[in-house]
Amino acid sequence: MTPASLSVKSRHVAVVGAGAAGLVAARELHREGHSVVVFERGNEVGGTWVYTPRVEPDPLGIDPNRPIVHTSVYSSLRTNLPREVMGFRDFPFVIRSGENRDPRMYPGHREVLLYLKEFAREFGIEEMVRFETEVVKVGILENGKCKVRSKKTSSLNNENNDNNISEIEFDDEIFDAVVVCVGHYTEPRIAEIPGVNLWPGKQMHSHNYRIPEPFRDQVVILIGCSASAVDISRDIAAIAKEVHVASRSVADETYTKQLGYNNLWLHSMIDSAREDGTVVFRNGKVVLADVIMHCTGYSSFDCLSLLLELSSLVLSYTMNELSKYCNSIKGILIFRWFF
């Protein structure tokens, strides 16, 4: 059945975020005949795939007043899925010719960003996007419509622009519905370590990791055993003195040197940190460390405050939901969920 034959009433819809989820949501809504405005706080599409060397001034990312860098991509990052399963159904993520393109099955982050930009151009999505415009509040009116407050910003952080955010003006607009596609990689989850408040070394979260050079000749402990910890531990091991990975998912007696490395070990979880700079693992090993890096994921969506006044009129995407959506259902079904 074609979109025209469904005779869907055209609605005025706001999409918050121009990353992968926001781009495909905007495309599907527009394809069904709806009026779409995409709000993007940055100055380009791509969301978390927009790499920047900048990091936050709070390396742990727990200061609520810190200026937030809205990406966790590090320089060496490659996809952990083959490109063939990452693309949208009608715009496959194929190898493309051109200067500095990445033909690998598991390409680097820049290739993913280029793919998303090509998708946006192919379907005219960039024309719907208001760049450097951040949504700060969404509320429900008595008539059931949504009031969206946004602020125009300038000089947002990206690879080519290191200026600070500057507020220009606020604006209120009325929409029939709002689709929230802002991701959830900005509020780090931090491991609880007994004694760490007195430990004199540096703590940070992987959200603020970009390149290995700052860790040259240092002893680094990473907490976590998922994709970022695996990637970053190997990245750092090339120049660090020692790298120790602490994992909750292994037996307490675990102490294993990693294959192919002379300075990389897998441990059980940290038991405590001490004032003398040492860190004690559950396996009994004691390491004098310079850095503890929390590769422990993220605690929540950064849009929760935005959604306080919303109920069934808001659809919040995660990347897992997006992948199911792209492969199995049409945009009109998504649309009907929140109308």
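A residue is called buried when its relative accessible area is under 20%, exposed when that area is over 50%, and partly exposed in between. The exercises below apply this to a predicted model.

**Exercise 1. Overall composition**

Task: State what share of the chain is buried, how many helices and strands the chain has, and what share of the contacts is long in sequence.

Solution.
1. The chain has 339 residues, and buried residues make up 49% of them.
2. Six helices and 17 strands are present in the chain.
3. Among contacts with a separation of 6 or more, 64% join residues 24 or more positions apart.

**Exercise 2. The surroundings of Ala120**

Task: Locate Ala120, decide whether Ala120 is buried or exposed, and list its contacts beyond four places in sequence.

Solution.
1. Ala120 belongs to helix H3, which spans residues 109–122.
2. Its relative accessibility is 0%. The limit for a buried residue is under 20%, so Ala120 counts as buried.
3. Leaving out residues up to four places away, Ala120 touches Leu23, Val45, Ile125 and Glu126.
4. Leu23 lies 97 residues from Ala120 along the chain, yet the two C-alpha atoms are separated by 6.7 Å.

**Exercise 3. The nonpolar cores**

Task: Identify which residues have the most contacts inside the largest nonpolar core, and which helix gives the most to this core.

Solution.
1. The largest nonpolar core contains 50 residues, and Ile236 and Met293 have the most contacts inside it.
2. Helix H2 (residues 20–31) gives the most to this core, namely seven residues.
3. Beyond four places in sequence, Ile236 touches Tyr209, Pro212, Phe215, Val220, Val243 and Met293.
4. A separate second core has 16 residues, including Ala191, Val279, Val287 and Ala289.
5. As a general background, nonpolar side chains in soluble globular proteins tend to be buried together.

**Exercise 4. Salt bridges and their exposure**

Task: For the pairs Arg27 with Glu28, Lys147 with Asp172, and Arg216 with Glu213, give the N to O distance and decide whether the partners are buried or partly exposed.

Solution.
1. The cut-off for a salt bridge is a nitrogen to oxygen distance within 4 Å, and the count for the structure comes to 19.
2. In the salt bridge between Arg27 and Glu28, the closest N and O atoms are 2.7 Å apart. Arg27, at 6% relative accessibility, is buried, and Glu28, at 7%, is buried as well.
3. Lys147 and Asp172 meet at 3.9 Å, N to O. Lys147 lies in strand S5 (residues 146–154) and Asp172 in strand S6 (residues 166–175), so this pair ties together parts that are 25 residues apart in sequence. Lys147 is partly exposed at 36%, and Asp172 is partly exposed at 31%.
4. For Arg216 and Glu213, the closest N and O atoms are 2.9 Å apart. Arg216 is partly exposed at 42% relative accessibility, as is Glu213 at 41%.
5. In addition, a network of salt bridges links Arg83, Arg96, Arg101, Glu111 and Glu118.

**Exercise 5. The second largest pocket**

Task: Give the volume of the second largest pocket and describe the residues that line this pocket.

Solution.
1. The volume of the second largest pocket is about 200 Å³.
2. Its lining consists of 14 residues, and Lys202, Met204, Asn208, Pro214 and Phe215 lie nearest the centre.
3. Sorted by class, the lining has nine nonpolar, two polar and three charged residues.
4. Phe215, one of the residues nearest the pocket centre, is also touched by Ile236.

Terms used
Residues are numbered from 1 along each chain as its sequence is written. This is a predicted model: local features need pLDDT of at least 70, side-chain atom pairs count only at pLDDT 80 or more; totals for chains, interfaces and linings use all residues. Side-chain values use heavy atoms; hydrogens and water are left out. On a 1 Å grid over the protein atoms alone, a cavity is a set of points where a 1.4 Å probe fits but cannot get out, and a pocket is an open set with protein on both sides within 12 Å along at least five of seven lines; lining residues have an atom within 4 Å of a point. Grid points are joined across faces, edges and corners, and a volume is the space filled by probe spheres set on the points. Ala, Val, Leu, Ile, Met, Phe, Trp, Tyr, Cys and Pro count as nonpolar, Asp, Glu, Lys and Arg as charged, and the others, Gly among them, as polar. A nonpolar core is a set of buried Ala, Val, Leu, Ile, Met, Phe, Trp, Tyr and Cys residues joined through side-chain atoms within 4.5 Å. Buried means under 20% relative accessible area, exposed over 50%, partly exposed in between (1.4 Å probe, protein chains only). Helices (H or I, at least four residues) and strands (E, at least two) are DSSP runs, numbered from the N terminus. Contact means heavy atoms within 4.5 Å. A salt bridge is a side-chain nitrogen of Lys or Arg within 4 Å of a carboxyl oxygen of Asp or Glu.
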